[in-house]
Each structure stands twice: as structure tokens, then as C-alpha cells.
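Here is a walk through one chain, from its overall build down to a single sheet. Keep the model open as you read.

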Amino acid sequence: MKGHVCIISSEMPREIRDSLSRDFDVFTLPPDPLLDKPVHSHPDMILCVVDDNLILPRGYYEAHHQMIDCITETCGYSLILSDAPRSSVYPHDVGMNVAVGKRFIICRTESTAPEIIEAAKEAGLEIIPVKQGYAGCSCIVTDKAVLTSDEGIHRALTERGIDSFYADKSGIALPGYDVGFIGGCGGFADRVLYFCGSLDSVACGTDVRRFAEMHGYEICELAADRLTDYGGIKIL
């Protein structure tokens, strides 16, 4: 086993998958038919990790239990299944879409699966309520700070004294939609920020590089084309 497990969309380009497989054991998520097609295999729409718990909808687990069991066994995580209402219609599509840090979670509390809220409380995490239902898509949470493409989240974090850096999402690709989110473009582990595409392809690229420099992070651009939202790179 390698140092970490990496969970990505099954629609992630092979180039990116191959790059990630050099550092991680990579698992690709099959589509969830209950979600809108452009995001139906996005990790930030399908599952959430709180403390040492992997949380996801019961129906998705029942359809793909062998793969999920392999992930939890590899990581030593516990499994929590959610029975929250789920469909492609907002807000029933965002029950798992939560940004999680070591000391807090960020979410639209009224839309978040109750199992996530309960797991966060049991782990002693602060619950930061925001209006943005796609909080997980909107953030990359690191060991020191949060990189976010949502102004409301940025304000909420700043008000609480949490180091937050705002990055305009203009130009981020998300096939099927007008624009994607910064959190859906990447992930973080071991002081490395991973991105699905080139930061030079978007207006906020310079700011993201400045964010990395401020905190002493390396940047790994996994492809040379346009920065694209594939639902994030979940690294366990």
C-alpha cells in the first residue's frame, strides 16, 4: 500500500489518474444515477470524510459495496451510511457536499446529511454554517488554511479567525455548467496542492500560487490543459 488513498471521479482523464497513481492508491467512483449527469461521479457530491469516518448514501453503498469496503479496510476507516433524502434537485443533491478541516466543518447545515452533523459533533468539530450548499466544491482545506472560491465562506472563516484565501472561480471548467469551483479542481496532502489542469489557464492562478508560497506548499499540476472541476481529489 502507498502512503495515501486517493478517491476521484471515474470521469477523470487517464492522464491525471496515471499521475496520481504514482503517489496514491487510486479509487474511481462510478456514477450515482440520482445525481445530475455532469457531477454524477464527483467525490464531493457522493461522500464525506469526518474524523476517521467515511460517510455516504446507503443506496450508493449498496450498489458499490465491494469498492467502498476496500477503501475503508485500506484506510482503517469506519463506515457511516446516510438515509437523508437524495435527488438531482437542489438542495437534495448536496447532502455530502461539506468542506472538512481538522477543527471544523463548513456546510449549509439545513441541507447537510444529519449523519455528517452528528459525526462532526462527536469528533468535537466546530460547525460553520454558510449559505453555499456546495461548500465542499468551493474549498480546498489544508493543514493551515482554506482556499475558497466562495465569498460568503471566505467571510465566515475570516470572522472566526480562520486563515482563508479567496480565489475567483472565473474560467474554471465544469462540463455541463457555466463554471466550476476551486475545490472541485484539486486536493491537498503532505504539503502538496494537486490541481486538475494548469493554473495559468485561469485568472486566479497567480493568486493560488501566492497562497501556496505563503504557506510553504508545493503545487502539482496534473495536466497541462484548462483547470477543470472533477469533484475534487479526496486524499485519505
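**From a bridge to the whole chain**

Start with one residue pair in this predicted model. His-4 has Phe-24 as its bridge partner in strand E2. That pair belongs to a longer match: E1, residues 4–9, runs parallel to E2, and 6 bridges join the two strands.

Now widen the view to the sheet. It is open and holds 3 strands, ordered E2-E1-E15, with mixed pairing. Strand E2 (24–29) and strand E15 (234–235) are the edge strands; each has a single partner strand, so one side of each lacks a neighbour in the sheet.

Two helices lie across this sheet's E1 and E2. One is H1, residues 14–21, which runs at about 145° to E2. Another is H4, residues 65–75, which also lies across E1 and E2 and makes an angle of about 155° with E2.

Step back to the full chain. Its secondary structure amounts to 8 helices and 15 strands. The radius of gyration is 16 Å, close to the 18 Å that the globule rule gives for 236 residues, so the chain is as compact as a globular protein of that length. The C-alpha trace spans about 40 × 40 × 35 Å along its principal axes.

How are the contacts spread along the sequence? Take those between residues at least 6 apart in sequence: 62% of them join residues at least 24 apart.

Last, the surface. What share of the residues counts as buried? The figure is 54% of the 236 residues, with buried meaning under 20% relative accessible area. The chain exposes about 10,300 Å². Carbon and sulfur atoms supply 47% of that area.

Definitions and conventions:
Residues are numbered from 1 along each chain as its sequence is written. This is a predicted model: local features need pLDDT of at least 70, side-chain atom pairs count only at pLDDT 80 or more; totals for chains, interfaces and linings use all residues. Side-chain values use heavy atoms; hydrogens and water are left out. Two strands pair if DSSP finds at least two bridges between them. Helices (H or I, at least four residues) and strands (E, at least two) are DSSP runs, numbered from the N terminus. Contact means heavy atoms within 4.5 Å. Axes are lines fitted to C-alpha atoms, for helices over the stretch in contact, and angles run from 0 to 180 degrees between N-to-C directions. The radius of gyration is taken over C-alpha atoms; the globule rule is 2.2 Å times the number of residues to the power 0.38. Buried means under 20% relative accessible area, exposed over 50%, partly exposed in between (1.4 Å probe, protein chains only). Accessible areas come from the Shrake-Rupley method with a 1.4 Å probe; for residues, only the protein chains shown count as cover.
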